[in-house]
Amino acid sequence: MKLFDGAISNLEYGLQYASLKNKTIAHNIANVDTPNYKAKDVSFKKLLSEENQKQISAYKTDDRHFDFVIKQTAPGVYSYENFQYRHNGNGVDIDKEMSELAKNTIYYNALIDRINGKFNTLNTVIKGGK
């Protein structure tokens, strides 16, 4: 029996995405003055397409069943290779990075609030509505 019908798992995947995006943004901000550093970003579309291409592993009960294997892929982080924001070859726009950080923080906090709501609901059910 699934307790949340995958809701917690979906929220967990969202948190993993937000965490990866936050790390990428922090890395960009830390390298704002590094010559020839190219800004990186995380693409949800790329992550989604990579996850859709993964195969699942399963227990085979019959030799006629297909083999299921999980293919390992790189996360959806990519660089802006042909973009140069400064004369030293650096591709980081600090204003864009700070606005992306604020947006990602709001997204992350919304996911945390949603997970807390799920657990509070479960806690209420366990306590019998008290």
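Reader: Ground rules: helices (H or I, at least four residues) and strands (E, at least two) are DSSP runs numbered from the N terminus. How many helices and strands are in the protein chain?

Author: Three helices and two strands. Starting at the N terminus, the elements run α-β-α-β-α. This is a predicted model, where local features need pLDDT of at least 70 and side-chain atom pairs count only at pLDDT 80 or more, while totals for chains, interfaces and linings use all residues. Residues are numbered from 1 along each chain as its sequence is written, and side-chain values use heavy atoms, with hydrogens and water left out.

Reader: What share of the protein chain is buried?

Author: Buried residues make up 24% of the 130 residues. Buried means under 20% relative accessible area, exposed over 50%, and partly exposed in between, with a 1.4 Å probe and protein chains only.

Reader: Ok, H1. What does H1 reach from end to end?

Author: H1 has 24 residues and reaches 34 Å from its first C-alpha to its last, close to the expected 34 Å. That expected span is 1.5 Å times one less than the number of residues. Its buried residues include Leu-11, Tyr-17, Lys-21, Ile-25 and Asn-28.

Reader: And H3, which residues are buried there?

Author: Glu-97, Glu-100, Asn-104, Leu-111 and Ile-115. The buried residues of H3 pack against H1. As for its span, the 33 residues should cover 48 Å, and the end C-alpha atoms are 47 Å apart, which agrees. After H3 comes Gly-128, with a positive phi near 80°.

Reader: Why is Glu-97 called buried?

Author: Because its relative accessibility is 3%. Setting aside neighbours within four places in sequence, Glu-97 is in contact (heavy atoms within 4.5 Å) with Ile-25, Asn-28, Ile-29, Ala-39 and Val-92. Glu-97 and Ala-39 are 58 residues apart along the chain, with their C-alpha atoms 9.2 Å apart.

Reader: Asn-28 is on that list. What does Asn-28 itself touch?

Author: Not counting residues up to four places away, Asn-28 touches Tyr-37, Ala-39, Lys-40, Val-92 and Glu-97. Asn-28 sits in helix H1 and counts as buried, because its relative accessibility is 0%.

Reader: How about Asn-31, where is that?

Author: Asn-31 is in the loop between H1 and S1. It is buried too, at 16% relative accessible area. Outside its neighbours within four places, Asn-31 is in contact with Tyr-37, Asn-90 and Val-92.

Reader: Now Asn-36. Is Asn-36 buried or exposed?

Author: Exposed, since its relative accessible area is 56%. Asn-36 also lies in the loop between H1 and S1. Its phi is near 65°, a positive value in a residue other than glycine. Most residues other than glycine have a negative phi.

Reader: Switching topic: how many cavities of 30 Å³ or more does a search of the whole structure find?

Author: One. On a 1 Å grid over the protein atoms alone, a cavity is a set of points where a 1.4 Å probe fits but cannot get out, and lining residues have an atom within 4 Å of a point. The largest cavity has a volume of about 40 Å³; grid points are joined across faces, edges and corners, and a volume is the space filled by probe spheres set on the points.

Reader: Which residues line the largest cavity?

Author: Lys-21, Ile-25, Asn-28, Lys-40, Asp-41, Tyr-80, Lys-96, Glu-97 and Glu-100. Helix H1 (7–30), strand S1 (40–42) and helix H3 (94–126) each supply at least two of them. By class, the lining has two nonpolar, one polar and six charged residues. Ala, Val, Leu, Ile, Met, Phe, Trp, Tyr, Cys and Pro count as nonpolar, Asp, Glu, Lys and Arg as charged, and the others, Gly among them, as polar.

Reader: Where does Tyr-80 sit?

Author: In the loop between strand S2 (77–79) and H3. Tyr-80 is partly exposed, because its relative accessibility is 26%. Leaving out neighbours within four places in sequence, its contacts are Lys-38, Ala-39, Asp-41 and Lys-96. Tyr-80 and Lys-40 are 40 residues apart in sequence and 6.2 Å apart, C-alpha to C-alpha.

Reader: Last one: which residues does UniProt list for the flagellar basal body rod protein N-terminal domain?

Author: The UniProt record, an unreviewed entry, lists residues 14–38. UniProt positions are in the numbering used here, feature names are shortened, and annotations may be inferred rather than shown by experiment. In the model, residues 14–38 are 68% helix and 0% strand, with the end C-alpha atoms 26 Å apart.

How values were computed:
1 Å grid on protein atoms, 1.4 Å probe; cavity = no way out; pocket = protein on both sides within 12 Å on 5 of 7 lines; lining within 4 Å.
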